[in-house]
Amino acid sequence: MMPERYENETVGQMINRRLSYAKEQLTGTLVGMLDMQLVECNEPENTFVYLAKTEPWMINFHGTLHGGMCAMLADQAMGHTAFCLKDGPGIIPNIDLNVKFHRPVIAEDRVLLKVRLLSRSKSLLHLSCEVFR
């Protein structure tokens, strides 16, 4: 199991450490199969942008990113972000995932996922995620 945040570690550094850990240590799992990287981290603005590689198995009959795969990528990006933003030890499960599709995502090679922390309370983090090609 991956350790909690190191002393003086930024959120961006911890996210990168989690992504590396997943790729190296969790092979064969869904999170381990995803090629996701943090490309922008704006901690003061609580905005985090990920780049995720799409694979042929993620595509639907129309040649676009399958809606379930889009939701899964968003869930993974928000999960990494939430874990690294939480206060103290422990997990931070997703308690509600609401997906709205505005237009198809043409799955070329990679997609961008922009995660924003909208609000935080003592026990909840409210995040949003937009997916772009």
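Start at the hairpin: select strand 1 (residues 36-42) and strand 2 (residues 47-53). Four residues lie between the two strands of this hairpin, and Asn46 there takes a positive phi near 55°. Helices (H or I, at least four residues) and strands (E, at least two) are DSSP runs, numbered from the N terminus. The model is a predicted one, in which local features need pLDDT of at least 70 and side-chain atom pairs count only at pLDDT 80 or more, while totals for chains, interfaces and linings use all residues. Residues are numbered from 1 along each chain as its sequence is written, and side-chain values use heavy atoms, with hydrogens and water left out.

Stay on Asn46, in the loop between strand 1 and strand 2. Asn46 is not a glycine, yet its phi is positive. Most residues other than glycine have a negative phi. Asn46 is partly exposed, at a relative accessible area of 25%. Here buried means under 20% relative accessible area, exposed means over 50%, and partly exposed is in between (1.4 Å probe, protein chains only).

**The strands**

Show the backbone of strand 1 and strand 2 together. They run antiparallel and are joined by six bridges; two strands pair if DSSP finds at least two bridges between them. Pick Leu38, and opposite it in strand 2 is Tyr50.

Now add strand 3 (residues 110-120), which runs antiparallel to strand 2 and is joined to it by seven bridges. Val49 has Lys114 of strand 3 as its bridge partner. Is strand 2 largely enclosed or not? Five of its seven residues are buried, so strand 2 is largely enclosed by the rest of the structure.

**The core**

Next, colour the residues with the most contacts inside the largest nonpolar core: Ile15, Met36, Phe48, Tyr50, Leu65, Leu73 and Leu113. This core has 30 residues. A nonpolar core is a set of buried Ala, Val, Leu, Ile, Met, Phe, Trp, Tyr and Cys residues joined through side-chain atoms within 4.5 Å. At least two residues of the core come from each of helix 1 (11-25), strand 1, strand 2, helix 3 (67-85), strand 3 and strand 4 (125-132). Helix 3 gives the most, with 10 residues.

Centre on Leu73. Leaving out residues up to four places away in sequence, Leu73 touches Leu34, Met36, Ala52, Met58, Leu65, Val111 and Leu113. Contact means heavy atoms within 4.5 Å.

**Thr54 and Leu125**

Select Thr54, in the loop between strand 2 and helix 3. Thr54 is buried, with a relative accessible area of 6%. Apart from residues up to four places away in sequence, Thr54 touches Leu65, Ala107, Glu108, Asp109, Arg110 and Val111.

Then go to Leu125 in strand 4. Draw a C-alpha to C-alpha distance from Leu125 to Leu112: the two are 13 residues apart in sequence and 21 Å apart in space. Beyond its neighbours within four places in sequence, Leu125 is in contact with Ala82, Leu85, Lys86, Ile92, Leu117, Ser119 and Arg120.

**Salt bridges**

How many salt bridges does a search of the whole structure find? It finds five. A salt bridge is a side-chain nitrogen of Lys or Arg within 4 Å of a carboxyl oxygen of Asp or Glu.

- Arg17 and Glu9: the closest N and O atoms are 2.9 Å apart. Arg17 counts as buried at 18% relative accessibility, and Glu9 counts as buried at 12%.
- Lys53 and Glu55: the closest N and O atoms are 4.0 Å apart. Lys53 is partly exposed at 29%, as is Glu55 at 23%.
- Arg116 and Glu130: their side chains meet at 2.7 Å, N to O. Arg116 lies in strand 3 and Glu130 in strand 4, so the pair ties together parts that are 14 residues apart in sequence. Arg116 is partly exposed at 28%, and Glu130 at 33%.
- Lys23, Asp35 and Arg110: these are linked in a network of salt bridges.

**A surface patch**

Finish on the outside with Leu30, Met33 and Trp57, which make a nonpolar surface patch of about 310 Å². Patches are made of residues with over 30% relative accessible area and no salt bridge, with like charges joined within 9 Å and nonpolar side chains (Val, Leu, Ile, Met, Phe, Trp, Tyr) within 5 Å. Accessible areas come from the Shrake-Rupley method with a 1.4 Å probe, and for residues only the protein chains shown count as cover. Met33 lies in helix 2 (residues 30-33) and is partly exposed, with a relative accessible area of 46%.
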